[in-house]
Each structure stands twice: as C-alpha cells, then as structure tokens.
Amino acid sequence: MKEFDVVIVGAGPAGCYCARLLAKSNYQVLLIEQCEHFYQNNFSSAATPLETLEKFNLPQDVVASFWQNLTIVTSKVSQNWESQKTLGAVLDFAKLREFLAKEVERNGGEVWLGHRYLKSWQEAEKTVVSIKPKNSDAIAVSTKVLVDATGYARAVMYEKKRDRPKFLKGTGIEYLIEVSNRDYEKYSNFLVFFMGYKWIPKGYSWIFPMNNNQLKVGSAWLEQPHKFIDRVKPLKEYIYLIFKEYIQLERYKIVDIHGSILEYSIGLNDRYFRDNIIAIGDAVSTVNFLGGEGIRHAMKGAEIANEYIQEYLKGKIENFQGYQKSMHKYFVYKWNISARISRRVYLEYPDEKIDRRVAALKYLSVEDMMEILFNYKFEKVTNLLRHYSTVKIERVLNAIKSAIASLIGAISFSKARE
C-alpha cells in the first residue's frame with residue numbers, strides 16, 4: 001500500500017492550491033480528481049481583482065481576459081464605472097487548475113486524474129483511503145492527513161447524506177458563447193451584472209469576457225421563495241433574454257453549457273475537521289454567497305489550512321480546532337453580512353427599490369465599487385445611501401421653500417395691485 005503524508009480529494013482551486021503549498025514544503029502529497037481532465041468540469045466564471053495573480057503567484061497564462069470597467073443593469077437603470085487602468089482578470093478555470101496541478105507534480109507530489117474517492121477508515125495510526133480509477137478496481141493508499149476539497153458535495157466529511165445539516169442553496173447556469181468580433185468588442189473590457197425582476201428574480205446574471213471572441217453569460221439564484229414573485233421562468237430563459245434584448249445577438253455559437261449548485265452554511269457552521277480529516281474550500285463555505293465569488297477565497301482558505309496541516313504533521317498540534325477559529329476570524333464577519341444582504345436584496349426587495357439603490361451608486365467612483373464588490377466594504381454603500389437620502393430631503397425642502405417663496409411673492413404682488 002502506497003503511503004502519503006497528505007491525500008487531497010478534489011482538484012478545484014482549494015485542493016490544487018493546498019497541494020501546491022504542501023508539495024513545495026517537501027511533503028508527500030497525493031491530489032485526486034474524479035474527472036479525467038481539467039476541461040471536463042470547466043464551470044467557474046472566475047472574475048477576480050488583479051492583485052489575485054500576485055497574491056497567489058499565478059502566471060498570466062491562466063488568464064482568459066483582463067477588464068477595467070464595470071456595469072450594473074436593473075429593470076430600468078444602467079450604471080457604468082470606467083477606469084483608465086486594468087482592474088482585474090477573468091481566470092480560465094481549467095488552465096488555473098491545470099497549472100496548479102503541474103506545480104504539484106513539479107515539486108514532487110502526485111496527481112491522479114480520473115480517480116474517484118469511495119471511502120476511508122482508520123487503521124492503526126493512519127487513514128486508509130479507497131480510490132476507484134475509471135475502468136479499474138478500487139485501490140487503497142494510506143495517509144496521515146485526509147483533506148476534503150470536494151466542494152458542496154462534502155463527500156469526505158459527511159459520509160452519509162442524513163448527517164448533513166441544512167444549507168442555504170443556490171443554483172447557477174452559464175453559457176460560453178462565441179460571438180462576432182464586433183459583438184465581443186462591446187464587452188471585452190467590461191464585467192456586466194444584471195439585477196431586477198426583468199433580468200433575473202431571486203438572484204443576478206452576468207456577462208464576462210473570455211478569450212477568442214468568447215463571452216460567459218450566466219444566471220444564478222437562491223432556492224428560496226420570493227416575497228413578491230410566485231412564479232419564475234427556468235434559469236436558461238433569463239440567459240436567452242440577455243442574448244436577445246441586451247447583447248442583441250443575431251448569430252452566436254454555443255461552445256459549452258454548464259451548471260452547478262452551491263450549498264452554503266450560514267455563519268460558516270460547517271464541519272471543519274474530524275480526527276485527522278480536514279475540509280477546505282467550498283466544503284467549508286469559503287465562497288462569498290452574495291456574489292458567488294469563490295476562487296481566491298478558496299485559495300486563501302487552503303493557505304490557512306496548509307499552516308495547520310504542517311503543524312499537525314510535525315506533531316505540534318493534536319487537532320484542527322485552531323484552523324476553524326482562524327477561518328472564522330478571517331471570513332465570518334463579512335460573510336454573515338454578505339449572506340444577509342443577498343437574502344434581503346434577492347428575495348425581499350421590490351423591483352423599484354433595486355432600481356433606486358443602483359441609481360444611487362452613480363455617486364461612487366470605480367475604486368469604491370471595487371471595494372464593495374470584491375472587498376465587501378458595505379459601509380461605503382451605507383454612507384452613500386445616507387448621503388443620498390439627505391440630498392433628496394434637502395432637494396425636497398428647497399423645492400418646498402421655493403414654492404412657498406413663490407406663493408408669498410404672488411400674494412404680495414396681488415395685494416400691491418389691489
């Protein structure tokens with residue numbers, strides 16, 4: 001039986017990045033993935049701020065496009081924020097994971113594609129992991145630490161579905177389309193987001209530029225009842241609405257259609273560890289539920305986990321309680337606010353309120369919008385709305401004063417004539 005220091009189940013951004021860090025530190029790492037190649041589940045939109053590349057030491061080879069402008073569209077409002085410099089990138093999800101996996105192998109680790117996790121059990125002081133290669137019998141390896149990086153499936157941490165707690169659920173679908181050069185140029189430097197009943201009730205939609213004249217157009221929503229809307233169309237209908245009415249496409253080629261679900265623990269009350277098993281990435285809800293952005297957060301969570309895994313392997317700690325505390329310290333506060341905002345805006349706001357709130361955002365700079373969308377500094381919106389309300393009140397008061405002054409003037413003029 002082959003022995004490893006760490007076996008990581010799932011080669012998403014969290015699993016791949018964790019394996020990369022451990023392999024660089026000379027640990028014997030095995031990264032397993034049930035898909036046979038990284039383009040088989042190339043489903044993430046992957047828009048991220050520019051600093052993500054430097055922070056996680058990623059090459060430009062994993063970038064599908066760069067962007068420098070933002071647009072938010074509601075049922076009746078459209079707001080643009082333009083920049084003279086590059087603000088972020090849209091990562092190629094497959095190339096990102098492929099790059100990280102090659103880094104694992106380059107540093108002495110092993111990557112087994114087309115291998116499915118079956119189960120694990122304790123044997124002496126190690127964990128035995130049963131793995132099923134495609135078209136072959138199951139094999140077993142042993143490990144000192146087992147990592148669950150299987151995303152919303154949480155396949156390792158929860159062996160039986162009945163053991164899983166109740167999660168907040170979201171569903172998304174995305175079309176990768178090839179368009180004409182003229183249509184592509186309109187969106188090549190933009191991230192476009194859609195909100196409001198017309199475009200997508202209970203969630204939001206988006207257009208992200210890729211390379212080779214390709215665009216990603218997607219929609220996602222919460223699987224919960226809406227306060228004002230009883231019936232909704234299938235998700236794909238809202239994507240076709242964007243094709244027809246917003247982009248106004250006459251001809252396009254569908255390259256790929258993919259969808260996924262997200263199961264999110266409010267308060268991040270996931271199961272983070274059990275004995276020598278530790279969970280990372282979406283398995284512990286590192287995705288931000290408001291906007292669905294997860295790649296850089298998954299890698300950050302893997303970075304935090306890596307520190308504790310190494311301490312465990314060195315015998316300096318006996319469990320991963322410190323990891324759970326560190327994750328909560330880093331994520332919980334802003335993630336709880338994000339979850340509350342998402343449920344309020346997507347499920348409780350009337351359409352007119354969404355229009356008004358987005359209209360008010362015109363007073364913010366593109367730098368402010370980046371802080372809100374990617375750094376979750378919601379106080380900027382709160383301060384703006386307070387200012388916006390004050391300005392509106394002042395305008396109303398001034399209008400009343402002007403009307404009263406005009407009325408007094410008219411009465412005085414009338415009396416003077418008498």
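This passage walks through the overall layout of the chain, its helix packing, its aromatic pairs and a few individual residues.

The model is a predicted one. Its chain carries ten helices and 18 strands, and the C-alpha trace spans about 110 × 50 × 40 Å along its principal axes. Of the 418 residues, 53% count as buried. If we take the contacts with a separation of 6 or more, 71% of them come from residues 24 or more positions apart.

Helix α6 (residues 295-313) is a good place to start on the packing, since it turns up in both of the helix pairs described here. With α1 (residues 13-24), the packing angle is about 40 degrees and the axes lie 8 Å apart. That angle makes α1 oblique to α6, and the crossing is right-handed. On the α1 side the contact involves P13, A14, Y17, C18, L21 and L22. Facing them from α6 are I295, A298, M299, A302, E303, N306, I309 and Q310. Sorted by class, this contact has eleven nonpolar residues, two polar ones and one charged one.

The other pair brings α6 together with α7 (residues 321-347). Here the axes come within 8 Å and cross at roughly 155 degrees, which makes α6 roughly antiparallel to α7. This crossing, too, is right-handed. From α6, the residues taking part are H297, K300, G301, I304, A305 and Y308. Helix α7 answers with G322, Y323, S326, M327, Y330, F331 and W335. The class breakdown for the contact of α6 with α7 is eight nonpolar, four polar and one charged.

Further along α7 sits S338. At 0% relative accessibility, S338 counts as buried. Setting aside residues up to four places away in sequence, S338 touches N288, L290, Y376 and F378. One of these partners, Y376, has a backbone quirk of its own: its phi is near 60 degrees, a positive value in a residue other than glycine. For context, most residues other than glycine have a negative phi. Y376 is found in the loop between α9 (366-375) and α10 (379-417), and with a relative accessibility of 6% it counts as buried.

N213 shows a positive phi as well, about 60 degrees, although it is not a glycine. Its place is also in a loop, this one between β14 and β15 (214-222). In terms of accessibility, N213 is partly exposed, with a relative accessible area of 23%.

Turning to the aromatic side chains, a search of the whole structure finds 25 aromatic pairs. In one of them, the ring centres of W199 and Y246 are 6.0 Å apart and the planes stand at 90 degrees, so the pair is edge-to-face. W199 lies in the loop between β13 (190-194) and β14 (203-209), whereas Y246 belongs to helix α5 (residues 235-247), so the pair ties together parts that are 47 residues apart in sequence. The two partners fall into separate accessibility classes: W199 counts as buried at 4%, while Y246 counts as partly exposed at 24%.

F243 and Y252 make up another aromatic pair, with 4.8 Å from centre to centre and 55 degrees between the planes. This pair is classed as tilted. Again there is a buried partner and a partly exposed one: F243 has a relative accessibility of 2%, and Y252 comes in at 30%. Beyond these pairs, F193, Y204, W206, F208 and Y346 form one aromatic cluster.

Finally, there is K119, which is found in strand β9 (residues 115-123). Leaving aside neighbours within four places in sequence, K119 is in contact with V128, V129 and S130. The separation between K119 and A149 is 30 residues in sequence and 14 Å in space, taken from C-alpha to C-alpha.

Definitions and conventions: Residues are numbered from 1 along each chain as its sequence is written. This is a predicted model: local features need pLDDT of at least 70, side-chain atom pairs count only at pLDDT 80 or more; totals for chains, interfaces and linings use all residues. Side-chain values use heavy atoms; hydrogens and water are left out. Axes are lines fitted to C-alpha atoms, for helices over the stretch in contact, and angles run from 0 to 180 degrees between N-to-C directions. Helices (H or I, at least four residues) and strands (E, at least two) are DSSP runs, numbered from the N terminus. Angles under 35 degrees count as roughly parallel, over 145 as roughly antiparallel, 65 to 115 as roughly perpendicular and the rest as oblique. A crossing is left-handed if the near helix is turned anticlockwise from the far one by less than a right angle, and right-handed if clockwise. Contact means heavy atoms within 4.5 Å. Ala, Val, Leu, Ile, Met, Phe, Trp, Tyr, Cys and Pro count as nonpolar, Asp, Glu, Lys and Arg as charged, and the others, Gly among them, as polar. Rings of Phe, Tyr and Trp (its six-membered ring) pair if their centres lie within 6.5 Å; planes under 30 degrees apart count as stacked, over 60 as edge-to-face and the rest as tilted. Buried means under 20% relative accessible area, exposed over 50%, partly exposed in between (1.4 Å probe, protein chains only).
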